[in-house]
Amino acid sequence: MPGTVTMYSTTWCGYCRRLKSQMDREGIAYTEINIEQDPESAKFVEQVNDGNQLVPTVLVVPASGGESVAMGNPSLAQVKQALEA
(Lines give C-alpha, C1' and ligand atoms only; values in the text may rest on other atoms or scores of the structure.)
Protein backbone atom coordinates (compact mmCIF):
# COMPACT_ATOMS: atom_id res chain seq x y z
CA MET A 1 0.00 0.00 0.00
CA PRO A 2 1.20 3.52 -0.67
CA GLY A 3 2.02 6.00 2.07
CA THR A 4 3.62 5.44 5.43
CA VAL A 5 2.23 4.15 8.69
CA THR A 6 3.79 4.68 12.10
CA MET A 7 2.31 2.83 15.07
CA TYR A 8 2.98 4.10 18.58
CA SER A 9 2.56 1.22 20.99
CA THR A 10 3.68 -0.53 24.18
CA THR A 11 4.77 -4.12 24.78
CA TRP A 12 1.75 -4.91 26.96
CA CYS A 13 -0.99 -3.53 24.66
CA GLY A 14 -3.33 -6.21 23.34
CA TYR A 15 -5.00 -3.78 20.92
CA CYS A 16 -1.56 -3.00 19.49
CA ARG A 17 -0.82 -6.70 18.94
CA ARG A 18 -4.19 -7.17 17.23
CA LEU A 19 -3.73 -4.23 14.85
CA LYS A 20 -0.13 -5.26 14.05
CA SER A 21 -1.34 -8.76 13.22
CA GLN A 22 -4.09 -7.40 10.97
CA MET A 23 -1.72 -5.04 9.15
CA ASP A 24 0.83 -7.85 8.72
CA ARG A 25 -1.88 -10.08 7.24
CA GLU A 26 -2.95 -7.30 4.83
CA GLY A 27 0.63 -6.50 3.81
CA ILE A 28 0.57 -2.98 5.23
CA ALA A 29 4.11 -1.94 6.14
CA TYR A 30 4.55 0.09 9.31
CA THR A 31 7.16 1.39 11.69
CA GLU A 32 6.54 0.62 15.34
CA ILE A 33 7.68 2.92 18.14
CA ASN A 34 7.42 1.89 21.79
CA ILE A 35 6.36 5.00 23.71
CA GLU A 36 7.73 3.56 26.96
CA GLN A 37 11.22 3.67 25.46
CA ASP A 38 10.90 6.96 23.57
CA PRO A 39 9.76 9.95 25.67
CA GLU A 40 9.39 12.23 22.62
CA SER A 41 7.00 9.76 21.03
CA ALA A 42 5.02 9.54 24.27
CA LYS A 43 4.63 13.34 24.17
CA PHE A 44 3.39 13.14 20.57
CA VAL A 45 0.82 10.49 21.52
CA GLU A 46 -0.41 12.66 24.39
CA GLN A 47 -0.60 15.69 22.11
CA VAL A 48 -2.85 14.00 19.54
CA ASN A 49 -5.01 12.23 22.16
CA ASP A 50 -6.08 15.07 24.46
CA GLY A 51 -3.29 14.41 26.98
CA ASN A 52 -3.74 10.62 27.10
CA GLN A 53 -1.13 8.01 26.26
CA LEU A 54 -3.60 6.05 24.12
CA VAL A 55 -2.12 3.10 22.27
CA PRO A 56 -2.15 2.12 19.58
CA THR A 57 -1.90 5.56 18.08
CA VAL A 58 -1.31 5.41 14.35
CA LEU A 59 0.08 8.19 12.17
CA VAL A 60 -0.69 7.77 8.47
CA VAL A 61 0.94 9.88 5.77
CA PRO A 62 -0.81 9.14 2.47
CA ALA A 63 1.31 8.75 -0.65
CA SER A 64 -0.96 11.21 -2.46
CA GLY A 65 0.59 14.00 -0.45
CA GLY A 66 -2.64 14.52 1.43
CA GLU A 67 -2.75 15.60 5.02
CA SER A 68 -1.34 13.17 7.58
CA VAL A 69 -3.81 11.66 10.03
CA ALA A 70 -3.23 10.58 13.64
CA MET A 71 -5.75 8.10 15.04
CA GLY A 72 -6.15 6.59 18.49
CA ASN A 73 -6.95 2.87 18.52
CA PRO A 74 -8.08 2.77 14.87
CA SER A 75 -9.60 -0.19 13.10
CA LEU A 76 -7.83 -1.79 10.16
CA ALA A 77 -10.49 -0.24 7.90
CA GLN A 78 -9.67 3.23 9.23
CA VAL A 79 -5.95 2.72 8.56
CA LYS A 80 -6.68 1.56 5.00
CA GLN A 81 -9.00 4.50 4.38
CA ALA A 82 -6.38 6.98 5.63
CA LEU A 83 -3.77 5.42 3.34
CA GLU A 84 -6.07 5.80 0.36
CA ALA A 85 -6.90 9.46 1.08
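I began with burial in this predicted model, and found that buried residues account for 38% of the 85 residues in the protein chain. I then looked up the accessible surface, where the protein chain exposes about 4900 Å², of which carbon and sulfur atoms supply 47%.

Next I went through the secondary structure, which comes to three helices and four strands, and I noted that along the sequence these elements follow the pattern β-α-β-α-β-β-α. The radius of gyration is 12 Å, close to the 12 Å that the globule rule gives for 85 residues, so I take the protein chain to be as compact as a globular protein of that length. For the overall extent I recorded a box of roughly 30 × 25 × 15 Å, taken along the principal axes and filled by the C-alpha atoms.

I also checked how contacts are spread over the sequence: among those between residues at least 6 apart, 54% join residues at least 24 apart. For the charges, I noted 6 positive and 10 negative ones, whose mean positions lie 9 Å apart.

I then turned to a single residue, serine 9, which lies in strand S1, spanning residues 4-9. Serine 9 has a relative accessible area of 1%, and because the cut-off for buried is under 20%, I entered this residue as buried. Leaving out residues up to four places away in sequence, I listed what serine 9 touches as Cys16, Glu32, Ile33, Asn34, Ile35 and Val55. With one of these, glutamate 32, serine 9 makes a polar contact from side chain to side chain, at 2.6 Å.

Conventions. Residues numbered from 1 in each chain as written. Predicted model: local features only at pLDDT ≥ 70, side-chain atom pairs only at ≥ 80, totals over all residues. Heavy atoms only, no water. Helix = DSSP H or I, 4+ residues; strand = E, 2+ residues; numbered from the N terminus. Buried < 20%, exposed > 50% of the residue type's maximum accessible area, 1.4 Å probe, protein only. Polar contact = N/O pair within 3.5 Å; in protein donor to acceptor, adjacent residues only side chain to side chain. Contact = heavy atoms within 4.5 Å. Rg over C-alpha atoms; globule rule 2.2 N^0.38 Å. Areas by Shrake-Rupley, 256 points an atom, 1.4 Å probe, with all protein chains shown as cover. Lys, Arg positive; Asp, Glu negative; His and termini not counted. Charge placed at Lys NZ, Arg CZ, Asp CG, Glu CD.
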